[in-house]
Amino acid sequence: MTYKKLPFLFLYFFLVIQSVGQPKNPPPPPLLRSTPEKEGVSSKHISDFIDAVNSSKNEFHSFMMLKHGKVIAEGWWNPYTSSLKHTMYSVSKSFTATAVGFAVAEKKLTVNDKVISFFPKDVPDTLSEYLQLLTVKDLLTMTVGQEPDPTGPVVVSETNWAKAFLALPIKYQPGTKFLYNSLATYMLSAIVQKVTGQKVIDYLKPRLFAPLGITNVDWETDPRAINTGGWGFRIRTEDLAKFGQLFNQKGNWMGKQILPASWVEEATTMKIMQNPDATPEQKATSDWLQGYCYQMWRCRNNAYRGDGAFGQYIIVFPDHDAVIAITSETANMQDELNLIYKHLLPALQKGIDSSAGTGDYLELKKKLSALRLTPPQKLTDSTFVKLSTGKVFKFEKNNHQVQSVSFSFTTGNCTMKLKTDSALHTFNFGNGTWKSGVTTKRGPSLVGRAKHHFIGLPANKVVGSYRWLTGHSLELKLRYIESPHTETFICTFNENQVKLEVANSFNPEKIVLEGKNVVVKK
């Protein structure tokens, strides 16, 4: 080797080292930020919306508003934060339908393909006429023709959900009658996995998530490792907004057409009316009577949306080049939409001069930075702190699999240990503050009884806070902060006994555990 070649070798190794340290495809940047006024929107209207939300019965966890593709307002109600994922419930359906869209674009299937063609080993011995007619499009539009919705019974009792779905009778001719059917969306997920060899979440990674810079998502599966499709997807609020903006841009992202514009158009236009007999008065007040698309809903005001139980929303306003993303826990999803129409839609419609003053914007920023869900009010500790600390309260056998509970107190903190049939769960609760933690305990869920539910997902992130309601009654609030839900425990002490009551979205009147009066183990 000559010395003349050495400089070239040094240069070669230098370039190799540099290339190893640099990602080949750097992640896309986050959404651009702007101010409402710069994008022609009044900060005052957004500020009024925040005030209305805070005075309503709806519990918001996050809110993001985009105009012209830029974030003009965003906020998280502490203890919820921008870095947290959130359970999407049926917003998951819109992502599953998008996976179908990619598969159609890649000619792996068509919406007119017969459903039974994908499951030759799972079809019943005798095929009904309607089952033979059933297409992918019927699944996409919730017009399977089954009645009632079979989702609950199938996912709770069956292991092969596709086979169970195909064995069910179809009452109406497919394509003619709307009935919300989450198991139909599961079938879409199973079909995508059949034709691609990948779970929906993996199939979407290079096609949707990577181009949009979406990471750290997860999705529940059925007992056969197929994504549930109609529920179980968890994603951050900003990523939810990106998905809405992609549709608002007709599938184009940063100058590249990643999803065909024709699919976006097809997926967001009305395919069937939910109730063709609805009166004009009913339609004028309901966003569930405007027509159904491909796993999306038409809204009033010429908008469309993906929505999930308890108020998870992506709302696209094409007429105003705007997108709104929301996560929440509410019992009245229509009320949340009404708040948007009352306060935010006028701001989009009117438009303002970009040179408007900054006072309203500064006030809005102040409100958004101060958003919080207040912990239970701090009260003086009870005399039962000493009487209950270190004791183990055992329960008789009960349907809730709770065996025992114990408490210990330090300054500003209560630790509760809850023993179930499966594990001993430890939770910390702050007095007037939220204490963070993780738990393998399954939190409240709309599909909590489904086989395989939560299996494979990471431990739940939680925060807790406590207060004494009376001298002998302790309230503990436990928030599962990557879901919409909260559990409230009421522990009432009486000498060497305790009564444990639990309330959440699914039993707001409180469930008293069996064997509620228990003797302390000496």
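# Close-up views of a predicted model

**View 1. Lining of the second largest cavity.** The second largest cavity is lined by T87, Y89, E220, W231, G232, P444, S445, V447, H453, F454, S483 and H485. The structure shown in this and the following views is a predicted model. The space in this second largest cavity comes to about 80 Å³. By class, 5 of its lining residues are nonpolar, 6 are polar and 1 is charged.

**View 2. Lining of the largest cavity.** The largest cavity has a volume of about 90 Å³. Its walls are made by T87, R234, G443, P444, F454, N460, K461, Y480, I481, E482 and S483. These divide into 4 nonpolar, 4 polar and 3 charged residues. T87, P444, F454 and S483 appear in the lining of the largest cavity and again in that of the second largest. In the model as a whole, 4 cavities of 30 Å³ or more are counted.

**View 3. The open sheet of β3, β5 and β4.** Three strands make an open sheet in the order β3-β5-β4, and their pairing is antiparallel. Strands β3 (86–87) and β4 (218–219) are at the edges with a single partner strand each, so one side of each has no neighbour in the sheet. Strand β5 (residues 233–235) is joined to β4 by 2 bridges, and the two run antiparallel. Within this pair, W219 has F233 of β5 as its bridge partner.

**View 4. Strand β9 and the directions of its residues.** Strand β9 covers residues 304–308, and 5 of its 5 residues are buried. Y304, G306 and G308 point one way from the strand, while R305 and D307 point the other way. Residues on both sides are buried, the charged pair R305 and D307 as well as Y304, G306 and G308.

**View 5. The two hairpins that include β9.** On one side of the sequence, β9 pairs with strand β8 (residues 297–298) in the antiparallel sense, over 2 bridges. R298 stands opposite Y304 of β9. The hairpin of β8 and β9 has 5 residues between the strands, and N301 takes a positive phi near 65° there. Strand β10 (residues 312–317) also pairs with β9 in the antiparallel sense, here over 5 bridges. In this pairing G306 stands opposite I314 of β10. The hairpin of β9 and β10 has 3 residues between the strands, and F310 in the turn has a positive phi of about 70°.

**View 6. Helix α3 and the residue K107.** Helix α3 takes in residues 91–105, and its end C-alpha atoms are 22 Å apart. At 1.5 Å a residue, a helix of 15 residues should span 21 Å, so the spacing in the model agrees with the expected value. Of the 15 residues of α3, 13 are buried, and the helix is therefore largely enclosed by the rest of the structure. K107 follows α3 and has a positive phi, near 60°.

**View 7. The largest pocket.** About 1200 Å³ of space lies in the largest pocket. It is lined by 49 residues, and those closest to its centre are G443, P444, S445, G448 and R449. At least two lining residues come from each of α6 (151–157), β9, β14 (413–420), β19 (486–494) and β20 (497–503). Helix α6 gives the largest share, 4 residues. By class, the lining has 22 nonpolar, 19 polar and 8 charged residues. P444, one of the residues closest to the centre of this pocket, also lines the largest cavity.

**View 8. The second largest pocket.** The second largest pocket has a volume of about 520 Å³. Among its 22 lining residues, K57, N58, E59, E329 and R479 lie nearest the centre. Elements that give two or more residues to this lining are α2 (43–55), β1 (59–67), β18 (473–480) and β19. The lining divides into 7 nonpolar, 9 polar and 6 charged residues. Strand β19 thus contributes to the second largest pocket and to the largest one.

**View 9. S262 in helix α11.** S262 is found in helix α11, which covers residues 261–268. Its relative accessible area is 57%, and S262 is exposed because this value is over the 50% cut-off. S262 and L339 are 77 residues apart in sequence, and their C-alpha atoms are 32 Å apart in space.

Methods: Residues numbered from 1 in each chain as written. Predicted model: local features only at pLDDT ≥ 70, side-chain atom pairs only at ≥ 80, totals over all residues. Heavy atoms only, no water. Buried < 20%, exposed > 50% of the residue type's maximum accessible area, 1.4 Å probe, protein only. Pairing = 2+ DSSP bridges. Expected span 1.5 Å × (residues − 1). 1 Å grid on protein atoms, 1.4 Å probe; cavity = no way out; pocket = protein on both sides within 12 Å on 5 of 7 lines; lining within 4 Å. Points joined across faces, edges and corners; volume = space filled by probe spheres on them.
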